[in-house]
Structures are given as structure tokens and as C-alpha cells.
Amino acid sequence: MLIKTYDLDVFTPPCEPGAERFSAVARLTTDISEVLPYLNATLRGAVYHQAANALTWKKGGHNIAFHAFEIATSNVADRDAAIKELDGLVQLVNRTWERRTELTPSTQKRQRPTPMAIYQLLPKTSCKQCGEETCYIFALKLSLGQRQLADCPPLLEPAYVARRRQLENMVIDAPAIG
Ligand code: SF4
């Protein structure tokens, strides 16, 4: 097990004094630098900054950052939510480290897709089944990790299989569907 324990800090982001959502950091005693290329190879939408020895990722509305001795997340409701989120990320790091012999590490720096690039692959019917007024708003929220591909039912239709596959390969925090 790479990470056995961590110290938790929960705080209000400095740019949002009085905010009702919090940021949290797990401070580690173990250097997790070596696992970052493996996470980069396996986490869809992750962006690896090799020179900074950091990897960022968006997951379900959280901005996640992995550094050598810390894991940070944004947008948690309270201390219990922070512990739950960070425990999950610690398990992710440990699982990835344990599987490293099966994985090919990557130091490639991928770009996050723009909302327009995502929009171009959506049905563009603005049918509102996802609860958004337009496909572009859905694309914007998808790019921010606030929505998932599975929230767009028309993408499950056979006519959109090819586009759906393209989207699955490019979008942030969007598990494969169908
Ligand atoms: S459900 Fe899909 S097609 Fe319909 S508005 Fe939302 S993103 Fe567009």
C-alpha cells in the first residue's frame, strides 16, 4: 500500500471568503510522484504537468490535484464529505500503484476539450432531455465535469454510436456508457 495515512486540512478557498463549499487537502508522508504517470495513463481527462510534478483531474464537480506529497479537492460540503472524497482518491492511488505492472505509464500532456469541441459531437437538437436549455450549455457543463455523457439520453441511440465513442475518449469524468 503506497499511502497508509494522511493529515486532513479543510478550508474555505482564499478567493471565496464566506463560501459555503470548501476545499480539502490530504497531506501525505509518502511521495506519490511515481504513480502520477500511471494515473495519467488511466484517468480519462487527466492533465499531467510533468515539470510541476502534478496531475489535475475533474471528477463529479470536484477539481482534483495530485502532487508529490498531497492530494487536493475542491467543492466539498463539509469535513465528512472531504474525508469521503479524499479516502476515495487515496484508494484510487493505492489501487493504481498495485496494478502498475499491468499498466503502461504515460507522461503525455493532454489538452482538455473545449465546450465547442464537445458541442460539435452532441446531437445539437437542444431537446432538453438532459435538463439543460441547449446542447451548448450541456457541453459547457460537461467540460467542467458538472454533467456526464450518460445524462444525454439521445447519445444512446444507434445513430450516435460513433459520436458517443469519440466523446467517451475526450470528455472529462465521463464513464463509458452503452
Ligand atoms: S439531452 Fe443531449 S441532445 Fe438533448 S439538449 Fe441535452 S445534450 Fe442536447
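How many salt bridges does the structure hold? The structure holds nine salt bridges, a salt bridge being a side-chain nitrogen of Lys or Arg within 4 Å of a carboxyl oxygen of Asp or Glu.

The model is predicted, so that local features need pLDDT of at least 70 and side-chain atom pairs count only at pLDDT 80 or more, whereas totals for chains, interfaces and linings use all residues. Residues are numbered from 1 along each chain as its sequence is written, and side-chain values use heavy atoms, with hydrogens and water left out.

**Figure 1. Domain 1 and domain 2 of the protein chain.** The domain assignment gives domain 1 as residues 6–102 and domain 2 as residues 115–170, with bounds that come from an automatic or database domain assignment. Taken over C-alpha atoms, the centres of the two domains are separated by 26 Å. The contact (heavy atoms within 4.5 Å) takes four residues from domain 1 and four residues from domain 2.

**Figure 2. The interface of domain 1 and domain 2.** Between them the domains bury about 370 Å², of which 48% is on carbon and sulfur atoms; buried area is the accessible area (1.4 Å probe) that two parts lose on being put together, summed over both. Arg44, Lys58 and Gly61 supply 84% of the area that domain 1 buries against domain 2, more than any other three residues. The rule finds zero salt bridges across this interface, and the count of residue pairs in polar contact, both at pLDDT 80 or more, is likewise zero. A polar contact is a pair of N or O atoms within 3.5 Å; within protein, one must be able to donate a hydrogen and the other to accept it, and residues adjacent in sequence count only if both atoms are side-chain atoms.

**Figure 3. The salt bridge of Arg147 and Glu132.** The closest N and O atoms of Arg147 and Glu132 are 2.6 Å apart. Arg147 lies in the loop between H4 and helix H5 (161–170) and Glu132 in the loop between H3 and H4, so the pair ties together parts that are 15 residues apart in sequence; helices (H or I, at least four residues) and strands (E, at least two) are DSSP runs, numbered from the N terminus. Glu132 counts as buried at 9% relative accessibility, as does Arg147 at 16%, where buried means under 20% relative accessible area, exposed over 50% and partly exposed in between (1.4 Å probe, protein chains only). Not counting residues up to four places away in sequence, Glu132 touches Ile137, Phe138, Lys141 and Arg147. A network of salt bridges links Glu132, Lys141, Arg147 and Asp151.

**Figure 4. Glu168 and its arginine partners in helix H5.** Arg164 forms a salt bridge with Glu168, the closest N and O atoms being 3.8 Å apart, and these residues lie four residues apart in the helix, about one turn. Glu168 also forms a salt bridge with Arg165, for which the closest N and O atoms are 2.8 Å apart. Glu168 is buried at 5% relative accessibility, whereas Arg165 is partly exposed, with a relative accessible area of 36%.

**Figure 5. The surroundings of Leu8 in strand E1.** Leu8, in the strand of residues 6–11, is buried, with a relative accessible area of 16%. The C-alpha atoms of Leu8 and Ala26 are separated by 4.8 Å, although the two are 18 residues apart along the chain. Leaving aside neighbours within four places in sequence, Leu8 is in contact with Ala24, Val25, Arg79, Ala82, Ile83 and Leu86.
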